[in-house]
Amino acid sequence: MGDLLFELGVEEVPAHSVADILVQLRNQFHAKLSQYLVPYRDIDKAATHRRFMIYITGIPDRTQPRPETILGPAKRSALDERGHPTLALKKFVQFNKVKMNEVVEIQTPKGLYMGIERINEGEKSDQIMRSIIPEILAAITFPKTMIWNDSRVPFIRPIRHLLVLFNNRPLEIEFAGVKSSNRSTGHLLLSDGYFEVKSFKDYIQYLNKNFVVLKENERRQKILADVHDIEEDLDGRVAIDEPLLEYYIYSNEYPVVFNGRFNVKYLTLPPEVISTFMIQEKKLMPVFAADGKMLNAFVGVSSIPDENNKVRQGNERVIQATFEDAQFFWDMDGKEDFFSLRQNLKNVMFQKDLGSYYEKSERLLSLIELLVRETGNDALLDPLLKAASHCKNDLLTRMVREFPSLQGIIGGLYLKERNEPEAVWKAIYGHYQPKGFVGEKLDDLGSGLLSICDRIDSIAGLISRGIKITGSKDPYGIRRDANAIIKIVIDFRLNFNLQTLIDVAAANFSKKDAELKKIRLTLGDLFHVRIENNFREILKFRYDVVQAVMSGSGSDGSLNVYEIFLRAEAVANMVESPHIDALMALHRRLKNIIKDAGSHPFSESLLQDKEEKILFDVFRESKERIGDHIRQHEYLLASSDFLEMKQVIDQFFDKVLVMVKDDDLRCNRLALLQRIDELLSQIANFSIIVEINSGGKS
Amino acid sequence: MSLQAVVLKLQEFWAERGCYISSGYDTEVGAGTMTPDTFFRVLGPKPYKVAYWQPSRRPDDGRYAQNPNRVQKHNQFQVILKPIPSDGQLLYLDSLIYLGVDVRIHDIKFDEDNWASPSLGAWGVGWQVMCDGVEITQFTYFQQAGGIELNPNSLEITYGIERLAMFLDSRNNLFELEWGNQISYAELKTEEERQFSIYNFEFADIESLRRLFSHYQKEAERLVTGGLYLPAFDYVLKCSHTFNILDARKAISVAERTNLMAVMRGLSHRIAEKYVQPAGGKANG
């Protein structure tokens with residue numbers, strides 16, 4: 001049994017691509033080995049931004065011997081009339097390097113052929129490796145490629161070495177003009193240069209000695225452990241930004257955490273600004289005291305041990321310059337009259353064909369007014385009108401031009417600085433949040449309301465211009481915006497009909513009835529799909545529960561997201577309770593009999609039998625009460641009250657024949673049952689809840 | 001180490017490695033890449049090695065001489081190696097060692113930074129080289145220039161001279177640098193930075209600049225149509241600088257930016273095509 005050690009040595013690959021390339025490599029090796037019938041025990045893989053390592057063990061020297069049939073010429077053209085071999089057969093024998101007496105007759109669906117049947121002794125694994133490795137490398141895909149030599153093979157960065165050892169012997173291959181060898185190298189700055197690898201063990205030892213921590217997880221652990229030590233030294237908490245941690249792991253072969261200090265005078269800048277400049281501009285992490293206040297310290301990751309404090313000092317110098325920039329932007333922007341920036345938004349395009357940001361802010365005014373009233377937050381009207389007018393002004397600040405991720409935040413902070421009321425600046429500050437259905441809950445209702453209006457305006461505008469979301473394609477983030485709206489509605493328990501807001505938003509982009517109808521329909525569908533999706537995937541509601549509360553929802557043209565959520569929550573509780581079986585049975589029975597019934601008027605005077613009269617009396621008496629419960633979102637009470645009718649409904653079904661010949665009578669009975677069904681369906685369509693065996697869960 | 005010592009050392013280093021040493025260009029450019037010694041040399045099949053010192057103007061980076069790390073005119077040292085050598089990274093590290101950097105005690109990182117100049121129709125793949133957190137060099141494998149696919153490709157190494165000198169001299173503030181022979185950076189540059197910052201941010205006349213842009217554009221078009229692609233390129237550079245001042249004045253809307261970029265890109269492309277295949281002449285480069 002043998003092993004293959006493969007290392008692709010490259011110039012620094014962008015950190016965000018490393019993990020993906022490694023997975024592709026591993027999968028390609030697996031696929032090719034399977035294709036060529038090469039068994040193996042195990043594949044190990046590891047990568048840094050300068051090397052991709054694959055180590056495969058348990059590879060036989062040859063692939064399994066297997067029976068093999070080689071067809072020659074058909075018998076009638078292989079032998080002449082006297083039974084002697086023809087030229088065709090002689091050539092076949094010669095070509096396959098066998099003797100004439102090894103040729104046998106082979107029966108095929110096409111008739112009798114001459115040929116050879118033998119045991120193939122298997123192919124040599126090293127030969128297979130030689131042919132598949134270039135294929136594997138050629139099959140890897142990258143987000144962006146480059147060309148660097150005459151081979152003109154596109155790759156992510158130049159390839160500098162190919163280490164290929166099979167059973168500790170170098171295997172000759174070539175890819176992109178680079179010939180394989182038995183050489184590898186360590187850390188770019190700290191290693192002793194290239195060395196010859198004799199075995200896997202040798203390779204690992206050399207890397208260890210030459211400042212390469214090969215395994216991703218070991219680098220992660222090393223960084224986290226170092227950060228923890230520094231937290232103790234600084235008596236603070238390092239805000240570990242996950243994307244930044246990933247960046248450290250995949251851009252350092254030998255990560256060493258260091259820390260530094262900066263002048264406290266920069267702490268007068270808002271912490272949001274300091275963090276953004278640190279993280280995005282300098283890839284350094286901020287540090288906070290126990291009380292949450294920012295400290296004048298930073299933490300970073302170096303690729304070498306910093307025994308001489310050079311790395312620390314250099315970073316201390318550079319962060320000061322960075323904060324000087326931040327201070328410059330902050331001061332320059334501060335000199336401008338923030339409110340008058342709004343006029344200049346006329347020159348800033350929102351989206352192609354959707355006008356300027358100025359026009360957007362105008363549209364936001366009518367939307368916010370409607371939403372504030374619909375959700376009963378009239379006290380917020382004035383501050384939110386002001387916030388809506390000016391929420392896009394910060395797009396014209398230097399700070400946001402430099403760091404677009406600060407949009408909203410900066411506008412809020414400038415207004416806070418100018419002592420604007422909290423209700424105004426906070427609304428602007430948070431109106432790009434949350435980023436989707438997951439993420440932090442907003443802490444300010446006003447920012448939630450403004451966020452809803454901003455996003456519904458964007459969605460309506462894009463859809464009115466024919467932008468479609470299909471499959472994974474959603475370049476304008478329409479889904480993300482819809483998800484965020486749903487989240488805000490649920491987080492702030494906003495009990496209102498989203499459809500009225502959609503209608504006004506859509507009307508801003510089209511005045512034609514047919515077009516408007518189409519936009520409304522597309523938006524309605526979008527939200528239904530988003531609600532279903534988030535409820536199932538993120539809130540983990542059962543599939544059938546979501547279906548049950550969504551079915552029929554919106555049939556009256558309304559879309560109350562919060563109410564749908566509450567019903568889903570209630571039904572999710574009910575399916576865990578013993579009542580559910582009765583509700584399901586009852587609703588199925590109702591649905592079964594009224595399906596395909598068409599709609600019918602109901603008349604009390606047509607009631608005949610005792611049981612149907614009782615049922616009507618009980619229904620009339622309960623209807624009001626159950627309806628009240630539903631209006632107050634007391635779905636558990638509503639359904640248990642409904643269940644109190646079970647006995648009279650059962651008696652009705654037992655004693656009264658619905659499908660009688662008499663049309664009037666039949667239709668009247670169906671009409672009564674339809675009204676009962678309508679009431680129950682206001683909670684959910686229990687008939688589609690899936691039965692679960694006692695004791696089991698789905 | 002003084003700023004001029006850095007330049008002299010780099011000139012020496014790259015001259016020894018086969019570069020011809022050129023001067024910076026005498027029209028305002030935003031970066032060494034825009035100099036004809038780069039823009040034209042990277043086109044076509046002929047190998048070139050060139051190095052030069054290029055003062056570069058970024059009006060928006062002006063800070064009235066008040067920022068320790070940013071100026072509206074900084075100095076670049078530009079190296080073009082065509083075709084790309086297989087040991088480009090090591091050559092580069094050697095140049096740092098030649099400047100006196102102990103590469104074993106500094107955190108030198110090649111950090112993804114794909115360079116693109118939309119107005120020149122040029123892009124490349126590469127890194128910014130960070131040294132203890134300071135960006136000291138842009139290291140780029142050119143893929144396209146003037147909208148033309150390059151073959152062979154070139155390696156571009158652009159050193160930020162001020163950043164490098166600050167690093168070598170452990171300075172916090174570039175105005176504290178020595179330019180050379182006891183003359184300080186502050187003495188030579190403070191007033192220049194102050195005046196140009198005022199001009200770029202406050203004083204530049206937007207309407208005049210718009211007119212200038214359009215004049216330069218027309219002249220470039222006329223020249224390139226007449227086959228005079230070298231003077232035409234000068235006028236594209238003037239367009240680019242005018243655009244940058246307008247941008248510093250915040251006078252360019254998003255839509256306008258796209259349009260003006262497209263104008264410059266179109267001109268660069270026509271110029272590059274003329275260079276690669278001049279009418280009636282033999283192929284250049």
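These are my notebook entries on a predicted model with chains A and B.

**Entry 1: chain A as a whole**

I began with the overall form of chain A. I counted its secondary structure and found 26 helices and 16 strands. Next I looked up its extent. Along the principal axes, the C-alpha atoms fill a box of roughly 105 × 90 × 50 Å. I then checked the radius of gyration, which is 36 Å for chain A. A compact globule of 698 residues would have a value near 26 Å.

How much of chain A is buried? I noted 40% of its 698 residues. I also looked at contacts between residues at least 6 apart in sequence. Of these contacts in chain A, 66% join residues at least 24 apart.

**Entry 2: where A meets B**

I turned to the two chains together. How many residues of each chain are in contact with the other? I found 30 residues of chain A and 31 residues of chain B. Which element of chain A gives the most to this side? It is helix α9, residues 310-335, with 11 residues. I sorted the residues on the chain A side by type. They divide into 13 nonpolar, 9 polar and 8 charged.

**Entry 3: the domains of chain B**

I looked up the domain assignment of chain B. It gives domain 1 as 3-200 and domain 2 as 205-276. The centres of these two domains of chain B, taken over C-alpha atoms, are separated by 24 Å. I then checked which residues take part where they touch. Domain 1 of chain B puts 23 residues into the contact, and domain 2 of chain B puts in 19. On the domain 1 side, I recorded 11 nonpolar, 8 polar and 4 charged residues.

**Entry 4: cis peptide bonds**

I went through the backbone for cis peptide bonds. In chain A, I noted the bond from A:Q433 to A:P434, with omega near -15 degrees. A:P434 sits in the loop between α15 (422-430) and α16 (445-464) of chain A.

In chain B, I noted a cis bond joining B:N151 and B:P152. Its omega is about 0 degrees. Where is B:P152? I placed it in the loop between β8 (148-149) and β9 (155-160) of chain B.

**Entry 5: positive phi without glycine**

I looked next at phi angles. A:R152 is not a glycine, yet its phi is positive, near 50 degrees. I found A:R152 in the loop between α4 (125-139) and β7 (159-166) of chain A. Is A:R152 buried or exposed? A:R152 counts as exposed because it has 12 C-beta neighbours inside 10 Å, and the limit for exposed is 12 or fewer.

B:A65 also has a positive phi, of about 65 degrees, although it is not a glycine. Its place is the loop between β2 (48-57) and β3 (73-82) of chain B. Is B:A65 buried or exposed? I counted 21 C-beta neighbours inside 10 Å, so B:A65 counts as buried. The cut-off for buried is 20 or more.

**Entry 6: A:Q632 and A:E563**

I ended with one pair in chain A. A:Q632 lies in the loop between α23 (610-631) and α24 (635-643). Why does A:Q632 count as exposed? It has 10 C-beta neighbours inside 10 Å, so it counts as exposed. I then looked up its separation from A:E563. The two are 69 residues apart in sequence. In space, they are 9.8 Å apart, C-alpha to C-alpha.

Definitions and conventions:
Residues numbered from 1 in each chain as written. Chains lettered and ligands numbered in written order. Predicted model: local features only at pLDDT ≥ 70, side-chain atom pairs only at ≥ 80, totals over all residues. Contact = placed C-beta atoms within 7 Å. Helix = DSSP H or I, 4+ residues; strand = E, 2+ residues; numbered from the N terminus. Nonpolar A, V, L, I, M, F, W, Y, C, P; charged D, E, K, R; others polar. Rg over C-alpha atoms; globule rule 2.2 N^0.38 Å. Domains from an automatic or database assignment.
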